[in-house]
Amino acid sequence: MFYYLVAGRWFSGPSLDGPWTLQTPDLPGDFKRIPVEHPRSAFWRRSRNRPGNRGRPAGNHPYDRNRRSDPAKSPEVIYQGEPEFQPIKDTALWQAVNTDKQIIKFGEQY
């Protein structure tokens with residue numbers, strides 16, 4: 001299996017050509033065994049399903065220090081006409097084509 005992290009969410013697929021499936025939060029246990037101090041552990045700062053604070057005091061994880069306490073506001077998106085989406089090849093994702101923002105749709109989520 002191949003795993004891909006994008007926008008804090010993990011996707012998995014049988015090959016680099018996909019098809020890709022949303023994997024969050026069900027990553028294999030081997031991911032949790034990567035020590036925070038290991039050079040390859042940097043992905044935990046970008047992952048929404050990182051394994052707790054891994055024995056560190058609360059707020060002492062690099063990701064936690066930068067978290068916002070207030071909910072993030074969605075950007076204002078202006079479409080030229082009705083929202084129009086086209087499928088992204090070999091995925092279950094759709095991309096908006098009539099706005100200057102990069103909007104990706106998965107099911108009914110944007």
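**View 1. Residues 53–65 carry low confidence in this predicted model.** Across residues 53–65, pLDDT (the predictor's confidence in each residue, from 0 to 100) stays under 50. The model still has 28 contacts for them beyond four places in sequence, a contact being heavy atoms within 4.5 Å. Helix α2, at residues 62–65, has the lowest confidence in the chain, with a mean of 46. Strand β4, at residues 85–87, has the highest, at 93. The chain average is a pLDDT of 75, and 72% of the residues score at least 70. Because the model is predicted, local features need pLDDT of at least 70 and side-chain atom pairs count only at pLDDT 80 or more, while totals for chains, interfaces and linings use all residues. Residues are numbered from 1 along each chain as its sequence is written, and side-chain values use heavy atoms, with hydrogens and water left out.

**View 2. The whole chain holds two helices and six strands.** Helices (H or I, at least four residues) and strands (E, at least two) are DSSP runs, numbered from the N terminus. Along the sequence the pattern reads β-β-β-α-α-β-β-β. The chain has 110 residues, and 25% of them count as buried. Buried means under 20% relative accessible area, exposed over 50%, and partly exposed in between, with a 1.4 Å probe and protein chains only. Of the contacts between residues at least 6 apart in sequence, 19% join residues at least 24 apart. The accessible surface comes to about 8,400 Å², by the Shrake-Rupley method with a 1.4 Å probe; for residues, only the protein chains shown count as cover. Carbon and sulfur atoms account for 51% of this surface.

**View 3. Strands β1, β2 and β3 form an open antiparallel sheet.** The strand order is β1-β2-β3. β1 (2–6) and β3 (21–22) stand at the edges with a single partner strand each, so one side of each has no neighbour in the sheet. Two strands pair if DSSP finds at least two bridges between them. β1 and β2 (residues 9–13) share five bridges. β2 and β3 are joined by two. Four of the five residues of β2 are buried, so this strand is largely enclosed by the rest of the structure.

**View 4. Bridge partners line up across β2.** Leu-5 has Trp-10 in β2 as its bridge partner. Tyr-4 stands opposite Phe-11. Tyr-3 faces Ser-12 in the same way. On the β3 side, Ser-12 is partnered by Thr-21. In a regular strand, side chains alternate between the two faces of the sheet.

**View 5. Two local backbone features mark the turn and loop around β2.** β1 and β2 form a hairpin with two residues between them. In that turn, Ala-7 has a positive phi of about 55°. Further along, a cis peptide bond joins Gly-18 and Pro-19, with omega about 0°. Pro-19 sits in the loop between β2 and β3.

**View 6. Strands β4, β5 and β6 form another open sheet.** The order is β4-β5-β6, and the pairing is antiparallel. β4 and β6 (104–106) are the edge strands, each pairing on one side only. The twist averages 35° from one strand to the next; axes are lines fitted to C-alpha atoms, for helices over the stretch in contact, and angles run from 0 to 180 degrees between N-to-C directions. Three bridges join β4 to β5 (residues 93–96). Phe-85 has Ala-96 in β5 as its bridge partner. In the loop between β4 and β5 lies Asp-90. Its phi is near 60°, a positive value in a residue other than glycine.

**View 7. Tyr-79, Phe-85 and Tyr-110 form a cluster linked by ring pairs.** Rings of Phe, Tyr and Trp (its six-membered ring) pair if their centres lie within 6.5 Å; planes under 30 degrees apart count as stacked, over 60 as edge-to-face and the rest as tilted. The count by this rule is three aromatic pairs. Phe-85 and Tyr-110 make a tilted pair, 5.7 Å centre to centre with 50° between the planes. Phe-85 lies in β4 and Tyr-110 in the segment after β6, so the pair ties together parts 25 residues apart in sequence. Phe-85 counts as buried, at 18% relative accessibility. Tyr-110 counts as exposed, at 58%.
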